[in-house]
Amino acid sequence: MSNPLGFSFYKRTFLNRSILVSPLLVGVVFISGSNQDLHAKEKSIIAIEPLVCDVVKAISPPSRKITCLINRSENVHNFRMSPKQAQMLSNASQIITLGPEMTPAMKKWVGNPITLLIGASAIKIEKNAHNKENGHHQDHGNMNSAGINGQNHDHHSHGGLDPHIWHNPQNIIKMGKLISEGVKKTISVFDRSNRKILEKKSESFESILLGLEHWTKQQISTIPTSQRTIVSKHNGMKYYGDAFGLKTVSLLDFLGHSSSLRPKTISSVLSKLKEENIKVIFPEQKPSSKLMRNISKQSSIPLSSKPIYVDGLMPTGNTISVAIHNTCTIVNSLGGLCEKDTAKSLEDQWRLLTLP
Ligand SMILES: [Zn+2]
């Protein structure tokens, strides 16, 4: 899998350009007609975040045209939409996104009838409908107010609900259900074969994720109980920690978001790390940030040899690949023994699902 995400994005951009150019040559009368025809043919589902795009591909019938908006090398939290990309979105048959908690640039698209939200608030609503968990979150149906007022788990400067839901495979299953329902609406009731494919793929999707959950639990169980703490820069692994019984410590929660580090703050972080008997700190990027290197040096706690990917996909591979990578990095760094090979078949099955 070289880079299908980048490819589909450029393909779409190229097509858009040719649509814009050709009618100019044939006159006004043909503009609307040819545009409509071409758009009808080209109308695509646009998945915003790279990981979401991978998930949508895993579920949708190959006949659906899916375009990934954001390249996997970009940081979705800071993503800025170009006018051309906004134009692409308005031409989409459907837009699928984790929403503004993850990708603030999507704020304007919430509430648009073609936008399908599958992020924290969408799952929250589902969660609240089925059980009474977290009663203190109120009225997250209104995304705008959640974005401004939501103060819980404020680990990102944009605030709101913790958007890193996919670190718990059960949440990917929930995301998948919403996607499956959404995509189904774009398939005619008479198109039985595609409806069947959607159903079959959704089943395989769920079984891979249950396999991943089972495998992850097995790997985590090899970590000595006294060492089950993930220390990283921001609290992106909270859902993971909650799902698999690990404590998570976010350094930004201690340090605050200001760049100036006062000696007093540093010393409280250092004593916290000591108190928790921390053996390793997980960087979230390569090379690791100056802050992480600094804390590591002052605390004499080493950084893990590989980073964990908390905000989406790795440079290569799919949703399962990054989950395997993160788990094995965590397990091996915390004194457990990760059996990477035993998850290979899950990764391969997923790749087959996403093939065009
Ligand atoms: Zn993040």
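**Close-up 1. The residue that follows helix α13.** Gly335, which comes just after α13, takes a positive phi of about 90°. This view, like the others, is drawn from a predicted model.

**Close-up 2. Helix α13, residues 319-333, from end to end.** At 1.5 Å a residue, the 15 residues of α13 should span 21 Å, and the C-alpha atoms at the two ends of the helix are indeed 21 Å apart, so the expected and computed values agree.

**Close-up 3. The surroundings of helix α13.** Because eleven of its 15 residues are buried, α13 is largely enclosed by the rest of the structure. The buried residues include Thr319, Ile320, Ser321, Val322, Ala323 and Ile324 towards the beginning of the numbering, and Asn326, Thr327, Ile330, Val331 and Ser333 are buried as well. These buried residues pack against four other helices, namely α3 (50-59), α7 (169-185), α8 (192-220) and α14 (344-354), and also against the strand β5 (229-232).

**Close-up 4. Strand β3, residues 94-97, and its two partners.** In a regular strand the side chains alternate between the two faces of the sheet. Both faces of β3 are covered, with Gln94 and Ile96 buried on one side and Ile95 and Thr97 buried on the other. Strand β1 (residues 45-47) pairs with β3 in the parallel sense over three bridges, and within this pairing Ile45 has Gln94 as its bridge partner. Strand β4 (residues 115-117) also runs parallel to β3 and is joined to it by three bridges, with Leu116 of β4 standing opposite Ile96.

**Close-up 5. The whole chain, for orientation.** The protein chain contains 14 helices and six strands, and buried residues make up 38% of its 356 residues.

How values were computed
Residues are numbered from 1 along each chain as its sequence is written. This is a predicted model: local features need pLDDT of at least 70, side-chain atom pairs count only at pLDDT 80 or more; totals for chains, interfaces and linings use all residues. The expected span of a helix is 1.5 Å times one less than its number of residues. A residue is buried if 20 or more other C-beta atoms lie within 10 Å of its own, exposed if 12 or fewer, and partly exposed in between; C-beta atoms are placed from the backbone. Two residues are in contact if their C-beta atoms, placed from the backbone, lie within 7 Å. Two strands pair if DSSP finds at least two bridges between them.
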